[in-house]
Amino acid sequence: YDNRYFLSGSLRTDGSSRFAPETRWGTFWSVGGSWKIAEEAFLRDYDFLDQLTLRASYGGQGNDNLGTYYAYEGLYTIANSLGEGGSLTSRLPTPDLKWETNLNLNIGLDVAILANRISWSVEYFNRQSKNLLFTMPMPLSTGYTGYDANIGSLRNTGVDFDLRTVPVSTADFKWNLDLNLSHYINRITELPNEQSIISGNKILTVGGSIYDFYLPSWAGVDPTNGNPLWYLADDQGNISSNTTSVYGNAARFNLGSSLPKVVGGIQNSFSFKGVDLVALLSFSLGGQILDSDYTQLMHNGNNAGRTWSTEILERWTPENTNTDVPKLTTDNLNWTSASSSFLYSGSYARLKNLSLGYTFDQKVISALKIQSARIFLTGENLLTFYKHKGMDPEQTLNGATYFRYPAIRTFSAGIQLAL
């Protein structure tokens with residue numbers, strides 16, 4: 001209305017064969033609006049203000065991602081057993097499954113001043129997820145690994161900040177400086193019977209995060225015999241001063257989250273006459289990464305023929321008892337099993353992109369009947385600043401490596417022509 005007030009809404013109903021007929025259909029809605037405050041009469045006299053817009057939206061959406069098209073039904077596999085045909089249950093029936101619902105609240109503010117030389121956007125988001133679809137683990141003695149269920153709810157909140165500036169702008173030279181930051185919090189707000197759920201190397205607890213590591217805590221090497229040590233728990237479940245050299249007896253603890261505190265990037269763009277230079281630095285602060293790949297290089301002699309890390313040179317020997325690397329032996333000491341020993345900081349910075357180009361003057365190329373011509377040289381992933389060598393710190397949010405290809409350093413050059 002009047003180019004100042006905007007309102008929109010939507011309503012939809014979705015059906016999915018993954019759910020039983022009684023719960024197959026879900027209705028989801030959303031509403032959003034914005035207010036161009038800068039267009040109001042009480043701000044029109046402020047010439048330095050180019051934009052001031054407040055926007056907000058709230059609505060729900062459904063999730064039915066279960067990996068199979070008939071998740072509510074019991075499914076069977078036809079198998080051959082010594083020449084005799086038969087069937088076995090491959091999936092337990094879950095007729096009570098229903099849509100996972102995500103309720104999203106977004107509130108943002110867009111500002112631009114000084115002829116758009118400085119502009120920024122700030123956005124707060126709150127995503128409440130209910131009736132979470134999750135595979136509940138089952139004891140292997142049952143013959144199944146788990147079953148799908150709606151188990152609880154969680155909340156994702158965060159703030160995104162985007163700053164765009166033009167510090168210098170002349171007839172021949174221009175400098176653009178952009179910055180973006182994101183802060184993200186994940187909290188579990190409800191679980192069945194308020195009980196914790198252990199899922200791989202993570203633990204799900206009310207008030208915690210789905211990214212919390214649940215691992216044994218590394219206690220070092222026994223100086224008397226070179227065996228690995230892990231901490232035991234006290235009566236309250238906290239880390240005690242007692243240790244064990246048997247990995248299966250080690251207690252597991254909540255050792256922090258893989259979720260970074262802040263992620264962002266800084267981009268500088270320069271142009272001088274026909275020359276342009278762009279550099280993008282991305283970074284992540286906080287969070288932890290479990291380097292499961294590195295454990296393959298840290299075996300203590302029971303994997304013949306496999307490469308070793310140079311850290312093995314610091315292994316325990318009768319002459320070198322003050323070390324954090326156990327002795328070499330063909331016995332399986334399980335010291336490379338997941339623990340805090342292989343948990344590293346996820347903080348890093350990376351020069352993601354560096355591009356240099358030159359655009360030819362129109363007077364030079366007009367005789368060739370070319371409208372524009374530009375040559376460029378680009379490099380990607382040129383530098384990485386990270387303390388733990390050998391691992392690509394740009395991992396998935398779950399914080400565990402698994403033979404993932406690292407970001408490739410590439411160089412490219414080319415020419416762009418417009419005829």
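Asp148 and the cores of a predicted model

Modeller: In this predicted model, Asp148 is in contact with Leu66, Arg91, Thr94, Leu97, Phe134 and Thr135, leaving aside its neighbours within four places in sequence. The residue itself has its place in strand S9, which covers residues 146-150.

Biologist: Why is Asp148 called buried?

Modeller: The relative accessibility of Asp148 is 11%, and buried means under 20%, so Asp148 counts as buried.

Biologist: What makes the pair Asp148 and Thr135 a polar contact?

Modeller: Their side chains are joined at 2.9 Å, and the cut-off for a pair of N or O atoms is 3.5 Å, so the value of 2.9 Å falls within that limit.

Biologist: How do you know that the protein chain is more spread out than a compact globule?

Modeller: With one helix and 25 strands as its secondary structure, the protein chain has a radius of gyration of 29 Å, whereas the globule rule gives 22 Å for 419 residues, and because the value is well over that of the rule, the chain is judged more spread out than a compact globule. Along its principal axes, the C-alpha trace spans about 75 × 65 × 55 Å.

Biologist: Which residues have the most contacts inside the largest nonpolar core?

Modeller: They are Met298, Trp335 and Phe342, in a core of 23 residues, to which strands S14, S15, S18, S21 and S22 each give two or more residues. Another core, of 10 residues, lies apart from it and has Phe134, Ala149, Ile188 and Ile197 among its members.

Terms used. Residues numbered from 1 in each chain as written. Predicted model: local features only at pLDDT ≥ 70, side-chain atom pairs only at ≥ 80, totals over all residues. Heavy atoms only, no water. Core = buried A, V, L, I, M, F, W, Y, C linked by side-chain atoms within 4.5 Å. Buried < 20%, exposed > 50% of the residue type's maximum accessible area, 1.4 Å probe, protein only. Helix = DSSP H or I, 4+ residues; strand = E, 2+ residues; numbered from the N terminus. Polar contact = N/O pair within 3.5 Å; in protein donor to acceptor, adjacent residues only side chain to side chain. Contact = heavy atoms within 4.5 Å. Rg over C-alpha atoms; globule rule 2.2 N^0.38 Å.
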